[in-house]
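Please examine the sequence and the three-dimensional model shown below. The explanation after it proceeds from the interior to the loops.

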Amino acid sequence: MEKTLRLAQEPRADALLSRSPLADLIGMLLDQQVPMEWAFNGPYTIARRMGTDDLDAYEIAAYDPDGFAALLSARPAVHRYPGSMARRVQQLCQYLADHYDGDPEALWRDAADGRELLGRLKALPGYGPQKAQIFLALLGKQLGVRPPGWREAAGVYGEEHAYRSVADITGPESLARVRAHKQEMKRAAKAARGDGP
């Protein structure tokens, strides 16, 4: 990858994300119930604790599950729920090993269109419809992966000049705008439920 991502807001973590599709997939997997930067710092922390400069799907899938959970749980923990996320990361890597020869880029390399790519992403362990659409938007907006119809398949996350998700983060200012959008959405949802202002 020739792109520079700034999702973790930490140079070494962002350097790994910029060169490793597997790090991107793992960061997206971890991006729930923790701040976005924390999630996308996770792949770098995992690589460092494994004693490597990069991540390998086969190596992670084959790692002793208890040992891998301990690796994610060491302080500071990679995630708020390190044990369950360790399992999910290993399941993701096992899926990539089984279906794509451990090559994450094979997910999108020959996708005929955005709908097919979205289907492949939704099939990944730990990736629901929303996460798959956000990752598809990240691929299109920042990594140059743009099969026909990718914006449509990514839904609102594919819209230009939007600040809805990690797909729109290119630095501290856009991170603040995405965070503000998420807070506004939470407020609106709360108001719709009648939970007060």
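The paragraphs that follow describe a predicted model, beginning with its nonpolar core.

The largest nonpolar core comprises 64 residues. Within this core, Ile26 and Leu121 are the residues with the most contacts. Helix α6, spanning residues 82–100, supplies the largest share of the core, namely eight residues. In soluble globular proteins, nonpolar side chains tend to be buried together.

Isoleucine 26 illustrates how the core is assembled around one position. When its neighbours within four places in sequence are left aside, isoleucine 26 is in contact with Pro43, Ile46, Leu55, Ile60, Val89, Leu92 and Cys93. Isoleucine 26 is also one of the buried residues of helix α2. In that helix, which covers residues 21–30, 10 of the 10 residues are buried, so α2 is largely enclosed by the rest of the structure. The buried residues of α2 include Asp24 and Gly27, along with Leu22, Leu25, Met28 and Leu29.

Two of these α2 residues, Met28 and Leu29, are touched by lysine 131, a residue of helix α9 (residues 129–142). Which other residues does lysine 131 touch, not counting residues up to four places away in sequence? They are Asp31, Gln32 and Gly126. Lysine 131 is buried yet has no salt bridge. The nearest side chain of opposite charge, that of aspartate 31, is 5.7 Å away, whereas a salt bridge requires a side-chain nitrogen of Lys or Arg within 4 Å of a carboxyl oxygen. The side chain of lysine 131 does, however, reach the backbone oxygen of aspartate 31, at 3.2 Å.

The backbone geometry of the loops completes the account. Most residues other than glycine have a negative phi, and most peptide bonds are trans. Glutamine 33 is not a glycine, yet has a positive phi of about 65 degrees; this residue lies in the loop between α2 and α3 (36–50). Aspartate 101, likewise not a glycine, has a positive phi of about 55 degrees and is found in the loop between α6 and α7 (106–109). Is aspartate 101 buried or exposed? Its relative accessible area is 62%, and because residues over 50% count as exposed, aspartate 101 is exposed.

A cis peptide bond runs from arginine 75 to proline 76, with omega near -5 degrees. Proline 76 lies in the loop between α5 (65–73) and α6, the helix that contributes the largest share of the core.

Note on methods:
Residues are numbered from 1 along each chain as its sequence is written. This is a predicted model: local features need pLDDT of at least 70, side-chain atom pairs count only at pLDDT 80 or more; totals for chains, interfaces and linings use all residues. Side-chain values use heavy atoms; hydrogens and water are left out. A nonpolar core is a set of buried Ala, Val, Leu, Ile, Met, Phe, Trp, Tyr and Cys residues joined through side-chain atoms within 4.5 Å. Buried means under 20% relative accessible area, exposed over 50%, partly exposed in between (1.4 Å probe, protein chains only). Helices (H or I, at least four residues) and strands (E, at least two) are DSSP runs, numbered from the N terminus. Contact means heavy atoms within 4.5 Å. Lys and Arg count as positive and Asp and Glu as negative; His and the chain ends are not counted. A polar contact is a pair of N or O atoms within 3.5 Å; within protein, one must be able to donate a hydrogen and the other to accept it, and residues adjacent in sequence count only if both atoms are side-chain atoms.
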